[in-house]
Amino acid sequence: MLTFTSYTAENIKDPFGILSGKRYEFVVNLDVPEEDELYEENGVSARAVIKVEEGDVKVVSCDLLETATGKLLEFDLEEDEEAELAQFCKEHLPE
């Protein structure tokens, strides 16, 4: 189970109107125990693009980053972790 410590969320503008639904970029800081393979001394964040269309919320893309440096990590979230992230984002959508 993931523990989310803080987050930011921004609306992604579509100036040409070619994307369906709305898109948001979330950057969510994760609390990762030292014994977990995802652990990084400088912290771990998930940067996710979320699509909202007709009440359905879906993770379009997700990258794991070292929080302090922004360095892209070579790990992916597991399916259940991505579902947790999607639920968190759904509950914290900007107005």
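This is a short walk through the core, the aromatic pairs, the salt bridges and a couple of surface spots in this structure.

Okay, one thing up front: what you're looking at is a predicted model.

Let's start inside. The largest nonpolar core is made of 22 residues. If you want to know who has the most contacts within that core, it's Leu30, Ile50, Cys62, Leu64, Leu77 and Leu85. Now, which elements give two or more residues to the core? Those are strands β2, residues 22–30, β3, 44–53, and β4, 56–66, plus helix α1, 79–91. Of these, β3 gives the most, five residues.

Let me stay on Ile50 for a moment. Skip the neighbours within four places in sequence, and what does Ile50 still touch? On one side of the numbering there's Lys22, Arg23, Tyr24 and Phe26; then come Val57, Lys58, Val59 and Val60; and finally there's Cys89.

Next, the aromatics. We've got three aromatic pairs in the structure. Take Phe4 with Phe88: the ring centres sit 4.5 Å apart, the planes make 35°, and the pair is classed as tilted. In sequence these two are 84 residues apart, with Phe4 in strand β1 and Phe88 in helix α1, so to speak a link between distant parts of the chain. Phe88 is buried, at 12% relative accessibility, while Phe4 is partly exposed, at 22%. The cut-off for buried is under 20%.

Phe88 also pairs with Tyr7, and that pair is edge-to-face: 5.4 Å centre to centre, 90° between the planes. Here too, distant parts of the chain are linked, with Tyr7 in β1, Phe88 in α1, and their positions 81 residues apart. Tyr7 counts as partly exposed, at 35%. Put Phe26 in with Phe4, Tyr7 and Phe88, and you have one aromatic cluster. And you've met Phe26 already, as one of the contacts of Ile50.

On to charges. Side chains of opposite charge can pair when their charged atoms come close. How many salt bridges does a search of the whole structure find? Two. One joins the side chains of Asp63 and Arg47, at 3.3 Å from N to O. Asp63 is in strand β4 and Arg47 is in strand β3, so this bridge ties together parts 16 residues apart in sequence. Buried or exposed, then, for Asp63? Neither, really: Asp63 is partly exposed, at 28% relative accessibility, and Arg47 is partly exposed as well, at 31%.

The salt bridge between Glu53 and Lys51 comes in at 3.2 Å, again N to O. Glu53 is partly exposed, with 28% relative accessibility.

Right after that, in the loop between β3 and β4, there's Glu54. For those of you who check backbone angles: phi of Glu54 is near 50°, so a positive value, and this is a residue other than glycine. Glu54 counts as exposed, because its relative accessibility is 82%.

Last stop, the surface. There's a nonpolar patch of about 390 Å² out there, made by Phe16, Ile18 and Leu19. Where is Phe16? In the loop between β1, residues 4–12, and β2. At 71% relative accessibility, Phe16 counts as exposed.

That's my tour, from the core out to the patch.

How values were computed:
Residues numbered from 1 in each chain as written. Predicted model: local features only at pLDDT ≥ 70, side-chain atom pairs only at ≥ 80, totals over all residues. Heavy atoms only, no water. Core = buried A, V, L, I, M, F, W, Y, C linked by side-chain atoms within 4.5 Å. Buried < 20%, exposed > 50% of the residue type's maximum accessible area, 1.4 Å probe, protein only. Helix = DSSP H or I, 4+ residues; strand = E, 2+ residues; numbered from the N terminus. Contact = heavy atoms within 4.5 Å. Patch = residues over 30% accessible without salt bridge, like charges linked within 9 Å, V, L, I, M, F, W, Y side chains within 5 Å. Areas by Shrake-Rupley, 256 points an atom, 1.4 Å probe, with all protein chains shown as cover. Salt bridge = Lys/Arg side-chain N within 4 Å of Asp/Glu carboxyl O. Phe/Tyr/Trp six-rings, centres within 6.5 Å; stacked < 30°, edge-to-face > 60°.
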